[in-house]
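Notebook open, coffee poured. I want to go through this fold piece by piece and jot down what I look up.

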Amino acid sequence: MKTKLIVSACLLGENCKYNGGNNYNSDILKLKTFFELIPVCPEAFGGLEIPREPCEIRERRVYSKSGEDFTSEFERGAEHTLYIAKECNAPVAILKENSPSCGCGKIYDGSFSGRLCDGNGITAQLLLDNDIAVFGDSRVKKLIELYGIYD
Ligand code: SF4
């Protein structure tokens with residue numbers, strides 16, 4: 001049986017991004033040789049609409065660009081993602097970088113100016129707190145090299 005790998009659904013081409021688009025990354029499909037990919041979109045799980053206003057984290061809460069507080073929706077989506085990861089026994093996740101849900105290491109700084117700061121998205125942090133390894137999407141090529149997967 002293949003190891004389960006949690007993946008941000010937008011990286012697999014799902015149009016669940018705030019603007020109705022996606023962040024398709026064809027390299028991730030190469031990991032199917034070794035992993036069973038489990039798509040998740042924490043913001044959709046949290047009940048947010050597609051499209052929706054962009055959100056960023058400021059002082060540990062999540063606000064839309066117009067100032068509405070969506071922290072509880074982001075937390076609900078994170079809990080649901082963790083539930084799925086635990087149910088399918090997934091030890092690792094590849095998540096979209098910089099997102100207020102999925103970002104790992106760097107996220108937008110809450111000023112909606114495109115600036116990044118150190119930090120994790122709400123879901124990435126919850127997965128890490130529960131001993132699930134989280135990789136940002138820019139590290140997929142490294143994983144492919146590590147596993148010796150070629151075209
Ligand atoms: Fe992609 Fe994560 Fe944002 Fe959903 S919440 S659109 S999976 S980055």
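Before the strands, a ground rule: I call two strands paired if DSSP finds at least two bridges between them. Also for the record, this is a predicted model.

**Entry 1: the hairpin.** I started with β3 and β4. Strand β3 covers residues 55-58 and strand β4 covers residues 61-64, and I find them paired in the antiparallel sense over four bridges. Which residue of β4 is the bridge partner of I57? I looked it up, and it is V62. The two strands make a hairpin with two residues between them. I checked the turn as well: E59 sits there with a positive phi of about 45°.

**Entry 2: β1 and its neighbours.** Next I went to strand β1, residues 3-8. Is β1 mostly covered or open? Mostly covered: five of its six residues are buried. On pairing, I see β1 run parallel to strand β2 (residues 35-40) over six bridges. In that pair, S8 stands opposite V40 of β2. β1 also pairs with β5, again in the parallel sense, over three bridges. There I noted I6, whose bridge partner in β5 is A93. A reminder to myself while looking at side chains: in a regular strand they alternate between the two faces of the sheet.

**Entry 3: salt bridges.** How many salt bridges does the model have? I get a count of eight. I wrote up three of them.

The side chains of K141 and D27 meet at 2.6 Å, N to O. K141 belongs to helix α5 (residues 140-147) and D27 to helix α1 (residues 26-30), so this salt bridge ties together parts that are 114 residues apart in sequence. I also checked accessibility: K141 is exposed, with a relative accessible area of 51%, whereas D27 counts as buried at 11%.

R52 and E43 are another pair, with their closest N and O atoms 2.9 Å apart. I find both R52 and E43 buried.

Then I looked at K106 and D118, whose side chains form a salt bridge at 2.6 Å, N to O. K106 is in strand β6 (residues 106-108) and D118 in strand β7 (residues 116-118), so the pair links parts that are twelve residues apart in sequence. K106 is partly exposed, at 40% relative accessible area, and D118 is exposed at 61%. Last on this page, salt bridges with shared partners join D27, K30 and K141 into one network.

**Entry 4: the ligand.** I moved on to what surrounds the ligand. I count 14 residues around it, and the closest are C10, C16, C41, E43 and C102. E43 is a name I had already written down, from its salt bridge with R52. By class, the shell has seven nonpolar, three polar and four charged residues. Where does the ligand sit among the pockets? The space it takes is the largest pocket.

**Entry 5: a loop residue.** To finish, I picked N89. I find N89 in the loop between α3 (71-87) and β5 (92-95). Is N89 buried or exposed? N89 counts as exposed, at 64% relative accessibility. I also checked its distance to I132: the two are 43 residues apart along the chain, and their C-alpha atoms are separated by 9.7 Å.

Terms used:
Residues numbered from 1 in each chain as written. Predicted model: local features only at pLDDT ≥ 70, side-chain atom pairs only at ≥ 80, totals over all residues. Heavy atoms only, no water. Salt bridge = Lys/Arg side-chain N within 4 Å of Asp/Glu carboxyl O. Buried < 20%, exposed > 50% of the residue type's maximum accessible area, 1.4 Å probe, protein only. Near = heavy atom within 4 Å. 1 Å grid on protein atoms, 1.4 Å probe; cavity = no way out; pocket = protein on both sides within 12 Å on 5 of 7 lines; lining within 4 Å. Sits in = over half its atoms within 2 Å of the grid points. Nonpolar A, V, L, I, M, F, W, Y, C, P; charged D, E, K, R; others polar.
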